[in-house]
Amino acid sequence: MSFRFLPDAPAAAVRMPVGQTVLLESSLRPRGRCIEVLDGVARVYCPCEETEGMTLAFLQAGDQLRTDRLCSEGICVEALTPLSFRSDAEPRQGEGFDAVNEWTLQLLRIRHLGSAEQRLHALFGLLVRRLGRRCGSWCDLPFRLTHERIGELIGTTRVTTTRLISRIRQAQLIEAPVGEAGMRLAPELIETAPLAAA
């Protein structure tokens, strides 16, 4: 697992290209502080060897990540799109909403669906509803995840994930245009996803 360390000094804007990862060490961050995403989409994951990079959440503009609530190993933030965030943000008080906890809950709900096909369908629905947008006859997701990462999220192997995505592609419900960073999903796929009301 490759990452760089976030500088100790607070910064009003940290910029990261797609694919870059920073490690936030909880012992080095002041208590009661957080990072706040200014622009882009990030994946938050655990760097612990035992959990093999387990995804905890996805963050987008406006979302905060409390740095005093991290595991002892810290937490990694990976840029899925060009990303900028501030590392000197103060947590919003009284909102009662924590983006990381909410994502972790939704990903856990998906993992408990009966079949891998249902889990993949629900994951695509969740990602598009939270991080995508409707553009004409398609729903756009501004980034792609590897089949291995999708397999980790839905609790299956890369091979099974590839097979399931191939079925969806053959049904013309998903497109991943060559040369584009994102992917397109058919609205009917998103609207019929399990757990869509969540």
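How far apart should the end C-alpha atoms of α2 be, given its 16 residues at 1.5 Å a residue? Select residues 116–131, which form helix α2, in this predicted model. At that rise the helix should span 22 Å, and its end C-alpha atoms are 22 Å apart, which agrees.

Keep α2 selected and colour its buried residues. Of its 16 residues, 12 are buried, so the helix is largely enclosed by the rest of the structure. Among them are A116, R119 and L120, followed further along by the run from H121 through A122, L123, F124, G125, L126 and L127 to V128. L131 is also buried.

Next, add residues 147–154, helix α3. The axes of α2 and α3 come within 10 Å and cross at roughly 105 degrees. Angles of 65 to 115 degrees count as roughly perpendicular, and the two helices are therefore roughly perpendicular to each other. Show the side chains where they touch: α2 contributes A116, R119, L120, L123 and F124, while α3 contributes I150, L153 and I154. By class, this contact has seven nonpolar residues, one charged residue and no polar ones.

Now turn to the cysteines. Select C48 and C46. The sulfur of C48 has its closest cysteine sulfur in C46, 3.1 Å away. A disulfide needs the two sulfur atoms within 2.5 Å, so this pair is too far apart for a bond. C48 is buried, with a relative accessible area of 10%.

Last, select C139 and C135. Their sulfurs are 8.2 Å apart, again too far for a bond, although C135 holds the closest cysteine sulfur to that of C139. C139 is buried, at 8% relative accessible area. The structure as a whole holds zero disulfides.

How values were computed:
Residues numbered from 1 in each chain as written. Predicted model: local features only at pLDDT ≥ 70, side-chain atom pairs only at ≥ 80, totals over all residues. Heavy atoms only, no water. Axes fitted to C-alpha atoms, helices over the stretch in contact; angles between N-to-C directions. Helix = DSSP H or I, 4+ residues; strand = E, 2+ residues; numbered from the N terminus. Parallel < 35°, antiparallel > 145°, perpendicular 65-115°, else oblique. Contact = heavy atoms within 4.5 Å. Nonpolar A, V, L, I, M, F, W, Y, C, P; charged D, E, K, R; others polar. Expected span 1.5 Å × (residues − 1). Buried < 20%, exposed > 50% of the residue type's maximum accessible area, 1.4 Å probe, protein only.
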